[in-house]
Amino acid sequence: MGRTRIVFKANAFRELRSAPGIVADLVARGNRVKSAAESGGGKYKVVSQQGEASPEGRWRVSVETSDPKAMRINARDHSLLRALDAGR
């Protein structure tokens, strides 16, 4: 019986992580979290970017406060933490 050898292509993993379907799903999840957080008041924004390729280069999406009202509400009520469940 011969030995099976698997050769991984490093660039293929990066391409897979930045595939349009994957990115669209992550952004949709971020937008759902943003909508849930905004239901309590204030404005939030979704930031989507690919990380550095050292080594993975994973795509990431974050939701941030974008006005003082949202900052106060988030500090007092933890609105972003409470909204995380909407992204599942």
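Helices (H or I, at least four residues) and strands (E, at least two) are DSSP runs, numbered from the N terminus. The legends below describe a predicted model, in which local features need pLDDT of at least 70 and side-chain atom pairs count only at pLDDT 80 or more, while totals for chains, interfaces and linings use all residues. Residues are numbered from 1 along each chain as its sequence is written, and side-chain values use heavy atoms, with hydrogens and water left out.

**View 1. The protein chain as a whole, with four helices and two strands.** Followed along the sequence, the elements of the protein chain come in the pattern α-α-β-β-α-α. The C-alpha trace spans about 65 × 25 × 20 Å along its principal axes. The radius of gyration of the protein chain is 18 Å, whereas a compact globule of 88 residues would have one near 12 Å; this radius is taken over C-alpha atoms, and the globule rule is 2.2 Å times the number of residues to the power 0.38. Of the 88 residues in the protein chain, 20% are buried, where buried means under 20% relative accessible area, exposed means over 50%, and partly exposed lies in between (1.4 Å probe, protein chains only). About 6700 Å² of the protein chain is exposed, and carbon and sulfur atoms supply 53% of that area; accessible areas come from the Shrake-Rupley method with a 1.4 Å probe, and for residues only the protein chains shown count as cover. Among contacts between residues at least 6 apart in sequence, 52% join residues at least 24 apart, a contact being heavy atoms within 4.5 Å.

**View 2. The largest nonpolar core, made of eight residues.** A nonpolar core is a set of buried Ala, Val, Leu, Ile, Met, Phe, Trp, Tyr and Cys residues joined through side-chain atoms within 4.5 Å. The members here are V33, A37, Y44, V63, A70, I73, L80 and A83, and at least two residues of this core are supplied by each of α2 (20-38), α3 (68-77) and α4 (79-83). When residues up to four places away in sequence are not counted, the core member L80 touches A37, Y44, V63, T65 and N74.

**View 3. A37 in helix α2 and the residues around it.** A37 is counted as buried because its relative accessible area is 2%. Leaving aside neighbours within four places in sequence, A37 is in contact with Y44, S79, L80 and A83. The C-alpha atoms of A37 and T4, which are 33 residues apart along the chain, are separated by 50 Å.

**View 4. S79 in helix α4, and H78 in the loop between α3 and α4.** S79 has a relative accessibility of 11% and therefore counts as buried. Apart from residues up to four places away in sequence, S79 touches A37, Y44, I73 and N74. H78 has a positive phi of about 55° although it is not a glycine, and the relative accessible area of H78 is 43%, so that H78 is partly exposed.

**View 5. A nonpolar surface patch made by I6, F8 and F13.** The area of this patch is about 350 Å². Patches are made of residues with over 30% relative accessible area and no salt bridge, with like charges joined within 9 Å and nonpolar side chains (Val, Leu, Ile, Met, Phe, Trp, Tyr) joined within 5 Å. Of the patch residues, F13 has its place in helix α1 (residues 10-17), and F13 is partly exposed, with a relative accessible area of 37%.

**View 6. Salt bridges, of which the structure holds five.** A salt bridge is a side-chain nitrogen of Lys or Arg within 4 Å of a carboxyl oxygen of Asp or Glu. One of them joins R29 and D25, with the closest N and O atoms 3.0 Å apart; because these two residues are four residues apart in helix α2, R29 and D25 are separated by about one helical turn. R29 is partly exposed, with a relative accessible area of 33%, and D25, at 35% relative accessibility, also counts as partly exposed. Another salt bridge links D77 with R76, where the closest N and O atoms are 3.1 Å apart; D77 is partly exposed at a relative accessible area of 30%, whereas R76 counts as exposed at 60% relative accessibility. The side chains of D85 and R88 also meet in a salt bridge, at 2.7 Å from N to O. D85 is exposed, with a relative accessible area of 54%, and R88 is exposed as well, with a relative accessible area of 74%.
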